[in-house]
Amino acid sequence: MAACTVGNCQSGCYRNEDNDSVRTEKNDLINVTLSSGNVPDSANHHNFCLKCKLNKNLASSGTVSIDRDICRFCFDCFRGNLFGKFKLAVSSNAMISPTDNVLVAFSGGPSSRVVLQFVHEMQQKAQKNFDASRDRSLPVFGVGVAFVDESAVSRIPSDEFDKAIQDMKSIVSNLAPPAKAFHVVPIESIYSSNGRDRLKELLHAVEDVTGKEDLLQHLRMLSLQKIAHENGYTKLLLGSCTSRIACHVISATVKGQGYSLPADIQYVDARWEIPVVLPLRDCLSQELNMLCCLDGGSLKTMEVLNSPHAGINGLVASFVSLLQEENPSRECTIVRTAGKLTPFHFNQIPDSDDSNTNLASRRRQKKFNLRPNESTPPESYCPICNSPLSKSDHLNSSSAGSDKTNGYKFGATWCPSCQFQILPKEPSSMEHFYSFLPEQFVVRAKERSSGIQRQLREQIQDFLLSDSEDGA
């Protein structure tokens, strides 16, 4: 084998036999030999972790079928790598500050379970540092957990739903202190009265399968925002990972949401009343599933609640899964390519009195060329999906005349995707659909209509005659 003569070579190849510095791999073999008492041969050495080179890698266990990149590491290094991605996303984007009270959206699946566990570990460490500190100047951030109960519109039997909720309560209560509140939020609670019947009528009025699924997703976010606001939470943590974001990139493109796409795929989304953050944005679903599978004793998940997607969302999920099987880096490539789109000004944590938060926000603003809020005009949003609207959408919505019905004028304020997927096609069904919408959607639409009229008046202000000029 050729010898390496470069003094600072870090590749791990063989050096000259006369050189005192031997190959890194040989040193690791010696360490393993001394600790175990056995002399591993070259073939057996490939069974050890690529990072620590002390523990056997996951491939040698043979207990589960895993990706070839994951299988090169031992469980401890694999878990540490995932936690490192999570912590880097949290710290570099100011997702959690000591004064925060964060709400973890928990669905029972692997992604939300990992988020809950990692946030819990961060809180535990912060609590230990607080207890060991003399001045105790930095408080410990609070953590709550919320589950949106969709039994009113789900096909899952009620007894299975109740059992899953009890399991979730057990998971949260069994976490070590600090204690965490667990909120079960019925999705029909977004209505002030007769919510279950009105919700069923609303979803029944949506004929498109994709539109019905998307509307349910928007209602789910509305429920999470409601419970976060009512209980004083300052951030909402979702378990959206690279795989899910990759599916959203393609499905949003297919649905005509290209303008608003950059808003949905960033680490931070502060267009909501309670800012939404994605700490698992750099983690693959396969990695999260593997972590829960290998650590099933403590990371229990509820598979009964993980229903498959339908319509466009289901087709896109199958397509991306097929791409990922052909090339394990496809999902990362999709998200990385979409990440080159310019984010909106609200894709950063709003300024606060916390110096650490402001520093991270300024770094992110410089990195992604974000403009400060005061230098950008206010955005207008779709009252249903809360997506930012383009100028052409403004023109279409402003064309709705005053002689139209409330349902028609309300539908005119929607983004094109929601109009096509969710809005009834028959004008006669518009008022019926409008009567079953949650009040929050209607309020958003009215605020947007007022904003459009105000913006139009500002644009033509210089061309209007004053009262004195009109009298002359």
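**Exercise 1. How are helix 9 and helix 13 oriented to each other?**

Solution. The model is predicted: local features need pLDDT (the predictor's confidence in each residue, from 0 to 100) of at least 70, side-chain atom pairs count only at pLDDT 80 or more, and totals for chains, interfaces and linings use all residues. Residues are numbered from 1 along each chain as its sequence is written, and side-chain values use heavy atoms, without hydrogens and water.

Step 1. Two packed helices are described by the angle between their axes and the distance between the axes.

Step 2. The axes of helix 9 (residues 242–254) and helix 13 (residues 330–338) come within 8 Å and cross at roughly 60°. Axes are lines fitted to C-alpha atoms, for helices over the stretch in contact, with angles from 0 to 180 degrees between N-to-C directions.

Step 3. Angles under 35 degrees count as roughly parallel, over 145 as roughly antiparallel, 65 to 115 as roughly perpendicular and the rest as oblique. Helix 9 and helix 13 are therefore oblique to each other.

**Exercise 2. Identify the residues through which helix 9 meets helix 13, and describe the surroundings of Ser-243.**

Step 1. From helix 9, Thr-242, Ser-243, Ile-245, Ala-246, Val-249 and Ile-250 meet Glu-331, Cys-332, Ile-334, Val-335 and Ala-338 of helix 13. Contact means heavy atoms within 4.5 Å.

Step 2. Ser-243 has 6% relative accessibility and therefore counts as buried. Buried means under 20% relative accessible area, exposed over 50%, and partly exposed in between (1.4 Å probe, protein chains only).

Step 3. Beyond its neighbours within four places in sequence, Ser-243 touches Cys-283, Leu-284, Ser-285 and Glu-331.

**Exercise 3. Find the buried face of helix 7 and what it packs against.**

Step 1. Helix 7 spans residues 195–204, and its buried residues are Gly-195, Leu-199, Leu-202 and Leu-203.

Step 2. Viewed down the axis of helix 7, these residues fall within an arc of 90°, so they line one face of the helix. The arc is that of the directions from the helix axis to the C-beta atoms.

Step 3. The buried residues of helix 7 pack against helix 8 (209–230) and helix 18 (430–435).

**Exercise 4. Judge the confidence of the chain as a whole.**

Step 1. The protein chain has a mean pLDDT of 81, with 74% of its residues at 70 or more.

Step 2. Over residues 1–43, pLDDT stays under 50. For this stretch the model has 34 contacts beyond four places in sequence.

Methods. Helices (H or I, at least four residues) and strands (E, at least two) are DSSP runs, numbered from the N terminus.
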